[in-house]
Amino acid sequence: INISPYKPFIMDFLAVLLLMAGAVIWCALIREVLTEELDMRCYIVFSSMFLLYSLIAEVFIYYLHNGIAINYCLVGISLFAFYHLFAEGRKYSLKEKILITIPMIIMVCVAISFYESSANLYLFGALMLIFIDLMQRNRLKADSLKKSFQLMGYTAGVLGAGIVIRSIITNFTMSAFELKEYFFRSITSVTWLLDNNIREIYVELVMLFKKMICDYFAAGTVFYPIMLFVLSTVGFIIFVIYKAIRKKSIWIFLYGAATYASLYVLTIIQGDTLKYRSCQMFSIFVGGMLLIATDYFLKQKKLIKTIGLLAVTGVLGFSAVDLTKWFMYDYEKQEMELQIVDKIASDLQNGGYDISNKPIVFVGDFQLDSSILDKCYVSKNEFGYGIMDLAYRWRELGRDEYCYTHSLQNSVIHWAVEGLQDYGGYNKPMQELFEYRGYSFIWADSQLYKEIMPIYYDYYGEGYEYMKTEMYNETEQYPHEGYIEETDSYIVVKL
């Protein structure tokens, strides 16, 4: 049986199954910490939001393998071990504690190796468990300075060990396969804080704070998952203050604040707001607040209970619709780009070019059609732009529109021209894209590409857009006439 045409579907299906397993693990984790038995409907709501939180489309589409789903499982299992190690620590010998810790470190290391944002997920999860335990059984005894240092020190130790092991493996792999350093960017992403003086760091932090307000709060006026995050933030603040006052515990307030602040750790380290990384924590945070709301409504009188549960159902329903919308958007974008590949291949085959003897090279700065991009942008004349302008002053920057997504609006063709040039060679992803569609041409090698584009630049470098637009005018790019140019020795496709 030939199932090769269905590989993408099978991988996506496996990823969904793993995501469902992750939801079950995190539900079990929360249930383990709680003293009171929650209605099963609370866990159904949490797991549903875990799966349906539509910001996950940012990373589920961007990250094509099952790394994110696996990470939820690995981090969840490691947090189980973390909780039991401290809640029942007295019954374990030193040797047993070490034997429990080693698999934890390995799981965290593997998770971070899949995606470095898993380190933030682990930190958020650990703080969340401590916070919930404080309000419930307090088995971790986190309401003392000494125990808090032990808990945080152990959490940092597991994370640090996982990161170090991952770094050793990565450096060994880079050395063995002669990969260039820019493939190993996560450890150097904090240099924006280290390479600047105090004044420059202050300016950068102010700009980052404004961007956080814009992307994580103001964007809620037009982007449904961010709206849910904003509402969850308000609810969480009220919940923490209420619990801290009712139980007369400053520790509940401190750990509540730390849990919420941990959502932004990766943002601070990177110096940027990247929703396709933050969504890992946001889905659990929003799902947790919806669980609390469901538990509250279930304890109320019939009318309030009915209205509340209908509202929760509506939130989940709209999340499912919004998630489907973004998956359909990505499918529409994919189909459009595949049609462009087909059109270019047809023009090469039927345009009288000497494709049987001359290699083909792709250059340029391809951009998606506005009919696609407009679905990710809000313009100055549309609702929501004014609020985001107040947060970040877009008009002062000369921006008449704001993109409220991150990875969703990315173009495969745009990336494929230069992506991974030092790994597989220039144009390698683009060549594979054409071959995926069944087209066979003579491809240019990296040496020819460098002769055509003498200015070397990094795909992720600052000068990327400027250097490419200097090569030729926009009127020479696809789909304008003359976008394919044949020379004595090669054929150039200008995108």
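Two strands count as paired if DSSP finds at least two bridges between them, and with that in mind I would like to start at strand 1, in what is a predicted model. Four bridges join strand 1 to strand 5, residues 491-494, and the two strands run parallel. Within this pairing, Phe362 stands opposite Val493 of strand 5. Strand 1, residues 360-363, is covered on both faces, with Ile360 and Phe362 buried on one side and Val361 and Val363 buried on the other.

Let me now step back to the whole chain, which has 20 helices and five strands. Of its 495 residues, 49% count as buried, and the chain exposes about 25100 Å², of which carbon and sulfur atoms supply 62%. If we take the contacts between residues at least 6 apart in sequence, 77% of them join residues at least 24 apart.

Among the helices, I would like to dwell on helix 7, which covers residues 145-177. At 1.5 Å a residue, its 33 residues should span 48 Å, and since its end C-alpha atoms are 47 Å apart, the expectation and the model agree. The buried residues of helix 7 include Leu151, Tyr154, Val158 and Leu159, and also Lys147 and Arg166. Which helices do the buried residues of helix 7 pack against? They pack against helix 4 (67-87), helix 5 (94-114), helix 6 (118-135) and helix 11 (250-261).

On the surface, there is a nonpolar patch formed by Ile10, Met11, Phe13, Leu14, Val16, Leu17 and Met20, with about 560 Å² of accessible area together. Phe13 lies in helix 1, residues 7-33, and because its relative accessibility is 46%, Phe13 counts as partly exposed.

Finally, I turn to the charged side chains, where the count comes to 13 salt bridges. Lys375 forms one of them with Glu332, the closest N and O atoms being 2.7 Å apart. This pair links distant parts of the chain, 43 residues apart, with Lys375 in the loop between helix 15 (370-373) and strand 2 (377-379) and Glu332 in helix 14, residues 302-350. Lys375 is partly exposed at 37% relative accessibility, and Glu332 is partly exposed at 35%.

Asp347 and Lys343 also meet in a salt bridge, at 2.7 Å from N to O, and both of these residues lie in helix 14, four residues apart, about one turn of the helix. An α-helix has 3.6 residues a turn, so residues three or four places apart point the same way. Elsewhere, Glu88, Lys91 and Arg139 are linked in a network of salt bridges.

Definitions and conventions
Residues are numbered from 1 along each chain as its sequence is written. This is a predicted model: local features need pLDDT of at least 70, side-chain atom pairs count only at pLDDT 80 or more; totals for chains, interfaces and linings use all residues. Side-chain values use heavy atoms; hydrogens and water are left out. The expected span of a helix is 1.5 Å times one less than its number of residues. Buried means under 20% relative accessible area, exposed over 50%, partly exposed in between (1.4 Å probe, protein chains only). Contact means heavy atoms within 4.5 Å. Patches are made of residues with over 30% relative accessible area and no salt bridge: like charges are joined within 9 Å, nonpolar side chains (Val, Leu, Ile, Met, Phe, Trp, Tyr) within 5 Å. Accessible areas come from the Shrake-Rupley method with a 1.4 Å probe; for residues, only the protein chains shown count as cover. A salt bridge is a side-chain nitrogen of Lys or Arg within 4 Å of a carboxyl oxygen of Asp or Glu.
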